[in-house]
Structures are given as structure tokens and as C-alpha cells.
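Trainee: I am new to this structure, and I would like to understand the reasons behind the words used for it. Could we go through them one at a time?

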Amino acid sequence: MKPHFAICLSLALLFSGRAAAESSSAAMISDFRLKHGEGRVTMDATLVRIALQQAKAMAAKDTLDHDVLGAFSSRIAPAKAGRAAENIAYGYDSFEKTLDQWIASSGHLKNLLLPKASRVGVASATSATTHRTYWAMEIAGEYEPPPRAAGKRSPPATRGKTVVQSCRARILGICF
């Protein structure tokens, strides 16, 4: 096998493994939520980035602290969610064990079952000094609908009439 091919293959396996781990954590959270009457969550890149920043900061300072990077409300703001929560932990090398720890804790459980949550981000980082694994999970929902296109007017009031809109194509929620 040629060296550059081996490197490319290794990188592909590394990144596909990371993506699989991320989607696996979303699936585990979703399965748990469904068993308790809440909806599924999907992995969200913004929430993963926020979780990774939190996990790395905790690992770098070797401290379990929600405020290690500042207030949660300012850190979660880029997600543009109506409601959000965060779970953090350290000590377990696998997400499955970390999730079990959160399920056993009433405060963390409440966050896992956040009503109307639809997106999640999970990340971990390891302390260089103690080799502890730090975890962060951001869960969010009630996202605002995208703003209307400039110049587009709201449909007129129908006063009890049913309006049926036929579309030849729908792109990003816009009917053509």
C-alpha cells in the first residue's frame, strides 16, 4: 500500500469514527428521550462546537465547571435556541457510562428530558495532566423560524376560509 493512500485511509477512518460516535451519542439520547415521552434529537454542528469548547476548557484547567468559559447564556447564544441546557461530567472514557451517570442524577436527567429539545451536541476532551476525560452535552430546542425574505409580504387574512397552496417546488420552505 502506498504511504499517501494509507494516510488518507487512516484520516477517513478517524473522521468517520468521530462522526459515528457523535451520531451514536445522539441516538442514545434520543432512545432514552423516546422511552420517557420526549422527541428525538439530532446532532447539531453549533452545539457540538460549543460542547467541544467547554470540554477542552475543563480539561485544560482540570476542573469541572459550567462557567469555565463564561456564563452558559452567552456561550449558548450562537445556537439561537429558545431553550437550552448543559450537562457536564468527568471520569468516564465512554459516552455510554457518562450518559448512565447523567440519568442517575435528577438535575442532569431533567436536562436530558428538556421538553421540545430537537438538537444536541456532545464532546469530550482529556486532561493532559490527570488524563481525566471531561464531557459536555448541549441540548436545545424551540428554534425560531428563519426570517422571511426581504420584500415578501404575509398572506392576506382569510377570515375562516381554507387556503390551499399548490407548489411546483418547495425550496427552504418557499413555495414556487
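Mentor: Let us start with H131, which has its place in the loop between β3 and β4; please keep in mind throughout that this is a predicted model.

Trainee: What makes H131 count as exposed?

Mentor: Its relative accessibility is 57%, and exposed is the word for values over 50%, so H131 counts as exposed. The backbone of H131 deserves a look as well, since its phi is near 65°, a positive value in a residue other than glycine.

Trainee: What do β3 and β4 form around that turn?

Mentor: They form a hairpin with six residues between them, and H131 lies in the turn. The two strands, β3 (residues 117-126) and β4 (133-143), run antiparallel and are joined by nine bridges.

Trainee: How do you know that β3 and β4 count as paired?

Mentor: Pairing asks for at least two bridges between two strands, and nine bridges join β3 to β4, so the condition is met. As an example of residues facing one another across these strands, V120 stands opposite I139 in β4.

Trainee: Which residue of β4 has a positive phi although it is not a glycine?

Mentor: That is E142, which is found in strand β4 and has a positive phi of about 55°. 

Trainee: Why is E142 called partly exposed?

Mentor: Its relative accessibility is 36%, and the term covers what lies between the limits of 20% and 50%, so E142 counts as partly exposed.

Trainee: How does β1 pair with β3?

Mentor: Two bridges join β1 to β3, and these strands run parallel. Since pairing needs at least two bridges, the two found here satisfy the condition, so β1 and β3 are paired. In detail, T42 stands opposite R119 in β3, while the bridge partner of M43 in β3 is V120.

Trainee: What makes β1 and β2 edge strands?

Mentor: The sheet is open, has four strands in the order β1-β3-β4-β2, and shows mixed pairing. Its edge strands are β1 (42-43) and β2 (81-90), each of which pairs on one side only.

Trainee: Which helices pack on this sheet?

Mentor: Helix α2 (residues 45-61) packs on it, touching β1, β2, β3 and β4, with its direction at about 30° to that of β3. Helix α4 (residues 95-103) also packs on the sheet, touching β2, β3 and β4, and its direction makes about 110° with that of β2.

Trainee: Why is the pair of F95 and W102 called edge-to-face?

Mentor: The ring centres are 6.0 Å apart, and rings pair if their centres lie within 6.5 Å, so F95 and W102 qualify as a pair. Their planes stand at 70°, and over 60 degrees counts as edge-to-face, so that is the name the pair receives. Both residues are buried, and together with W135 they form one aromatic cluster.

Trainee: How do you know that the charge of R119 belongs with the ring of Y143?

Mentor: The charged end of R119 sits over that ring, 3.7 Å from its centre, and the distance allowed is within 6 Å.

Trainee: What makes S25 a buried residue?

Mentor: Its relative accessible area is 2%, and buried means under 20%, so S25 is buried. S25 has its place in helix α1 (residues 3-35) and, leaving aside its neighbours within four places in sequence, is in contact with M43, F95 and V122. The C-alpha atoms of S25 and L99 are separated by 8.7 Å, although the two residues are 74 residues apart along the chain.

Trainee: Is A77, in the loop between α3 (72-76) and β2, buried or partly exposed?

Mentor: A77 has a relative accessible area of 46%, and the limits of the middle class are 20% and 50%, so A77 is partly exposed.

Trainee: How many helices and strands does the chain have?

Mentor: The secondary structure comes to five helices and six strands, and buried residues make up 29% of the 176 residues in the chain.

Definitions and conventions: Residues are numbered from 1 along each chain as its sequence is written. This is a predicted model: local features need pLDDT of at least 70, side-chain atom pairs count only at pLDDT 80 or more; totals for chains, interfaces and linings use all residues. Side-chain values use heavy atoms; hydrogens and water are left out. Contact means heavy atoms within 4.5 Å. Axes are lines fitted to C-alpha atoms, for helices over the stretch in contact, and angles run from 0 to 180 degrees between N-to-C directions. Buried means under 20% relative accessible area, exposed over 50%, partly exposed in between (1.4 Å probe, protein chains only). Rings of Phe, Tyr and Trp (its six-membered ring) pair if their centres lie within 6.5 Å; planes under 30 degrees apart count as stacked, over 60 as edge-to-face and the rest as tilted. A charge sits over a ring if NZ of Lys or CZ of Arg is within 6 Å of the ring centre and within 35 degrees of the ring normal.
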